[in-house]
Amino acid sequence: MASRRSAPLGAIYFARPVLEVAEAMLGCVVRHGATAGVIVETEAYHDSEAACHAHVGVTPRTHILFGPPGRAYVYRSYGIHALLNAVCEPEGVGAAVLIRALEPLEGIELMRERRGLERVEDLCSGPGKLTQALGIELRENGTSLVDGPVRFGSPVRARPEIEIGAGPRIGITKAADLPWRFAAPGNRSVSRPRL
DNA sequence: CATGGGATTGACT
DNA sequence: GTCAATCCCATGC
């Protein structure tokens, strides 16, 4: 595996069409404090389709989604879990990439403590699991992904090594037919059902 | 102000 | 396979 240094992603990276960013993000690095992981699964959400929180327009909950790209949208799911998104597209468009799974890269012992689990492939194999493992909570909502507590970095692996599969998004009832989920096929850190 | 529904997970049958 | 936990917030009266 060719290894390379992960360079910080600039705000311009997130300003592109959300489907393009969701696919490009596979292989990128997410870091929070001493913990970091490689993105192996994402989903795209856009205000034009009903599954996106921004579909209802600008509200206290969704105003972050319509704000400038390159910020974190973190919300509470099922009253229990914090889910991490990267706000995309130009300001005024409500769109984001949901980070659904990571391959643990750094701080694995700390992740094990936070998750109460040992198996590396169980630490970040779901959107609620990875925020628990990295210690990301609702306080990170609205913070910059460029120079805030949670940061994104470029892929650590050469592009040809990153295989990409697409399929329908998980756990939604509206617009459930759109193939806006992207994942590294066969990667053990991807959530179920794997692509 | 009351209600209801989740972009989930882990435990259990 | 089923199901409960738990809370934010959009919606409607």
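## The largest pocket

In this predicted model, strand E3 supplies the largest share of the lining of the largest pocket, with 4 residues. The space in this pocket comes to about 680 Å³. Its lining has 26 residues, and those closest to the centre are Tyr75, Ser77, Tyr78, Leu83 and Gly171. Four elements give two or more residues to the lining: strand E3 (72-77), strand E4 (81-87), strand E5 (95-106) and helix H4 (127-134).

By class, the lining of the largest pocket has 13 nonpolar, 8 polar and 5 charged residues.

## The second largest pocket

The second largest pocket has a volume of about 230 Å³. Among its 16 lining residues, Ser6, Arg31, Arg151, Phe152 and Gly153 lie nearest the centre. Strand E1 (29-32), E5 and strand E6 (150-153) are the elements that give two or more residues to this lining. The largest share comes from E6, which gives 3 residues.

The lining of the second largest pocket divides into 8 nonpolar, 3 polar and 5 charged residues. E5 thus appears in the lists for both pockets.

## The surface near DNA strand B

DNA strand B is surrounded by 20 residues, of which Tyr75, His81, Asn85, Arg115 and Gly128 are the closest. Of the atoms of DNA strand B that come within 4 Å of the protein, 53% belong to sugar and phosphate. Tyr75 is also one of the residues closest to the centre of the largest pocket.

Contacts reach several parts of the strand. The side chain of His53 places a polar atom 3.1 Å from a base nitrogen of DNA strand B. In the side chain of Tyr45, an N or O atom is 3.5 Å from a sugar or linking oxygen of this strand. Pro127 uses its backbone: an N or O atom there lies 3.1 Å from a phosphate oxygen of DNA strand B. E3, E4, E5 and H4 are the elements that give two or more residues to the surface near this strand, and these elements are also listed for the lining of the largest pocket. By class, the surface near DNA strand B has 9 nonpolar, 8 polar and 3 charged residues.

## The surface near DNA strand C

Around DNA strand C are Val56, Thr59, Pro60, Arg61, Tyr78, Gly79, Ile80 and Leu138. Sugar and phosphate make up 68% of the atoms of DNA strand C that come within 4 Å of the protein. One of the surrounding residues, Tyr78, is also among those closest to the centre of the largest pocket.

Two contacts involve phosphate oxygens of DNA strand C: an N or O atom in the side chain of Thr59 is 2.8 Å from one, and a polar backbone atom of Arg61 is 3.0 Å from one. A polar backbone atom of Gly79 is 3.3 Å from a sugar or linking oxygen of the strand. The residues near DNA strand C divide into 5 nonpolar, 2 polar and 1 charged.

## Helix H4

H4 is largely enclosed by the rest of the structure, because 6 of its 8 residues are buried. The buried residues are Pro127, Gly128, Leu130, Thr131, Ala133 and Leu134. Two of these have been named above: Pro127 for its backbone contact with DNA strand B, and Gly128 as one of the residues closest to that strand.

The cover over the buried residues of H4 includes E1, strand E2 (35-46), E4, E5 and helix H3 (108-115). After H4 comes Gly135, which has a positive phi near 75°.

Note on methods
Residues numbered from 1 in each chain as written. Chains lettered and ligands numbered in written order. Predicted model: local features only at pLDDT ≥ 70, side-chain atom pairs only at ≥ 80, totals over all residues. Heavy atoms only, no water. 1 Å grid on protein atoms, 1.4 Å probe; cavity = no way out; pocket = protein on both sides within 12 Å on 5 of 7 lines; lining within 4 Å. Points joined across faces, edges and corners; volume = space filled by probe spheres on them. Nonpolar A, V, L, I, M, F, W, Y, C, P; charged D, E, K, R; others polar. Near = heavy atom within 4 Å. Polar contact = N/O pair within 3.5 Å; in protein donor to acceptor, adjacent residues only side chain to side chain. Buried < 20%, exposed > 50% of the residue type's maximum accessible area, 1.4 Å probe, protein only. Contact = heavy atoms within 4.5 Å.
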